[in-house]
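Colleague: Could you take me through one part of this model slowly, as you would for someone new to structures? I would like a close look at a single helix and its side chains.

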Amino acid sequence: FMYFFPGELSILGIKPAVISLTGLLISWVQLSAIVFILLVIKYLFIRFLSSVFDLKVTNVHYASSLRLILIFTILLFLLTSIQFFNVGGFTLAIFWGFMLAGIAVTIFILYFKLSLVSTHTLLYIFVYLCATELIPTVFLYKFFTT
């Protein structure tokens, strides 16, 4: 996104620029470390809230979440590849819309998968998903935009 919209989007204060190969590799290692730390925190958070809500769905929830994130990442990669090769003239609003739609679809699929393996009410599972999916997403958004 920063490559296509450098003036409209700056995450973590990183500005797109021509850098050396080693600088690029260091940036990817830093980004990978951040993603890894966030995934570990998400697992611990899901495990903690699963015990608080007395749901025994930690592994099902986390595995399904990782699969859906992988599928969503591949779709996002295809969208950015189309944009990179100048095939599509997407605006930043289309990218944000795709991100929000992907998050919504991921949460709905998780909701239905967890409702199949849990004996709790659907409202209880919805509250659990709000605590494990929506609230951390809002915190990450606020962290990256301030």
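Modeller: Let us walk along helix H3 and look at its side chains and ring pairs. This is a predicted model, where local features need pLDDT of at least 70, side-chain atom pairs count only at pLDDT 80 or more, and totals for chains, interfaces and linings use all residues. Residues are numbered from 1 along each chain as its sequence is written, and side-chain values use heavy atoms, leaving out hydrogens and water.

Helix H3 covers residues 92–117; helices here are DSSP runs (H or I, at least four residues), numbered from the N terminus. Its buried residues include Met99, Gly102, Thr106 and Tyr111. Buried means under 20% relative accessible area, exposed over 50%, and partly exposed in between (1.4 Å probe, protein chains only). Thr106 counts as buried because its relative accessibility is 13%.

Now for the rings. Three aromatic pairs turn up in the whole structure. Rings of Phe, Tyr and Trp (its six-membered ring) pair if their centres lie within 6.5 Å; planes under 30 degrees apart count as stacked, over 60 as edge-to-face and the rest as tilted. Phe72 and Phe98 are stacked, because their ring centres are 5.4 Å apart and their planes at 20°. This pair joins distant parts of the chain, with Phe72 in helix H2 (residues 58–84) and Phe98 in helix H3, 26 residues apart. Phe72 is buried at 15% relative accessible area, while Phe98 is partly exposed at 24%. Tyr111 and Phe112 form an edge-to-face pair, because their centres are 5.5 Å apart and their planes at 65°. Tyr111 is buried at 16%, whereas Phe112 is exposed at 53%.

How values were computed:
Helices (H or I, at least four residues) and strands (E, at least two) are DSSP runs, numbered from the N terminus. The expected span of a helix is 1.5 Å times one less than its number of residues.
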